[in-house]
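Okay, thanks everyone, I'll keep this short. Let me put the structure up so we can all look at the same thing.

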Amino acid sequence: MNSHINIKEICILRLSAIGDVCHAVAAVQAIQKQHPTAKITWVIGKIEAMLLADLPGVEFVIFDKKQGKLAYQQLKQRFKGKQFDVLLHMQVALRANLAAACIPAKVKYGFDWHRAKEGHSLFVNKRIAAQFEPHVLEGFYGFAAKLGVKPQLPAWQMPYQESDLAWAQQQLAGFEKVFVIAPAASKKERNWLAERYAALADYAVSKGYKVVLSGGPTEMERELSTEIISHSQSDILNLVGKTSLKQLLCVLKCADLVLAPDTGPAHMAVTVGTPVIGLYAHSNPKRTGPYLYQDYVVEVYHHNIQAQFGRPASQLPWGKRCKGADLMAQITTDAVIKMFDTVVAKELNKL
């Protein structure tokens, strides 16, 4: 599909997760620049829609996976009698593939054969180009390329209300430098150790930073934040479970530096231009790391992939994960403190 073809209606299908929809926003906004008059409809998960609500020029259709079969019936009903010029099917999970079957479009772009899983190829009639070891964000840009978007550095205009920003600024009022720790990933094994997060918090405080803990309302996140505070010698502001997603976005925007494992807030921080130190053991940071700050990652992934499979990541299927409940313990406090100092020095030089 060439860029000069008049595309009037585009449907984006990317249901989850928070980090992935952040990556997708960059591709969607690049498409909007290329096709400013095109109407864009985005089929998205319920939680992800809370973060992206009011994204300029995008109509969201919420797919609530908890509704089971009803979610697919509602999607069919919503698009009855409609036909999009193009569907960009940006998710290979079976749930998303079945959703794609409910979306009428002349052209349905999916991933290339190598990345297609769970029957993905059955639900598309065209494919994006294969890519060599792409970051997730670059995969989404592969869809944008099919609509004439040239390669470019990603940029984001994330939606939030002035009230969200004012709330964040009120929480952080009086703090000259802010270090946000978003300690929890979706799976416990991807979290760093509470006592080491606490050590980083204490170190940051010694360097003049106010430390803020952020995260959602799950029991695991609340317990982890309580444990971090119990190990710390510092006064930490605990916002875990106390923010909406948009308020969290604004807290990250107001921060000077973020520390996080493989989790959505790391990518949210990237969208608002805040440097991120990413901690990675199970997944390849070249594929899922904080996109603009991959030089700031502290990782033991490559060591573990070699140890577990006897070959480097470059000789294994792209995106191969490491297994193990204690891999994050291999990331030392000293290594993260060293990266903290490196990042602070680099970011000061940019000012």
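I'll go through one helix pair and then one sheet.

Quick reminder before that: this is a predicted model.

So, the helices. How do we describe a pair like this? Two packed helices are described by the angle between their axes and the distance between those axes. Find α1, residues 18-34, and then α10, residues 264-271. Their axes come within 7 Å and cross at roughly 25°. Angles under 35 degrees count as roughly parallel, so that's what we call α1 and α10. The crossing, as α1 passes α10, is left-handed.

Which residues make the contact? On the α1 side you've got Ile 18, Gly 19, Cys 22 and His 23, and they meet Gly 264, His 267, Met 268 and Thr 271 of α10. Sort that contact by class and you get 3 nonpolar residues, 5 polar and no charged ones.

Okay, over to the sheet. It's an open one with 6 strands, and the pairing is parallel. Reading across, the order goes β9-β8-β7-β10-β11-β12. Which strands sit at the edges? Those are β9, at 237-238, and β12, at 298-299. Each has a single partner strand, so one side of each has no neighbour in the sheet.

Zoom in on the β9 edge. β8, residues 210-213, runs parallel to β9, and 2 bridges join them. In one of these, Val 212 is partnered with Leu 237 in β9.

Last thing: helix α7, residues 194-206, packs on this sheet. α7 touches β7 (178-181), β8, β10 (257-260) and β11 (276-280), and its direction makes about 175° with that of β7. Over 145 counts as roughly antiparallel, so α7 and β7 would fall in that range.

Terms used
Residues numbered from 1 in each chain as written. Predicted model: local features only at pLDDT ≥ 70, side-chain atom pairs only at ≥ 80, totals over all residues. Heavy atoms only, no water. Axes fitted to C-alpha atoms, helices over the stretch in contact; angles between N-to-C directions. Helix = DSSP H or I, 4+ residues; strand = E, 2+ residues; numbered from the N terminus. Parallel < 35°, antiparallel > 145°, perpendicular 65-115°, else oblique. Left-handed = near helix turned anticlockwise from the far one by under 90°. Contact = heavy atoms within 4.5 Å. Nonpolar A, V, L, I, M, F, W, Y, C, P; charged D, E, K, R; others polar. Pairing = 2+ DSSP bridges.
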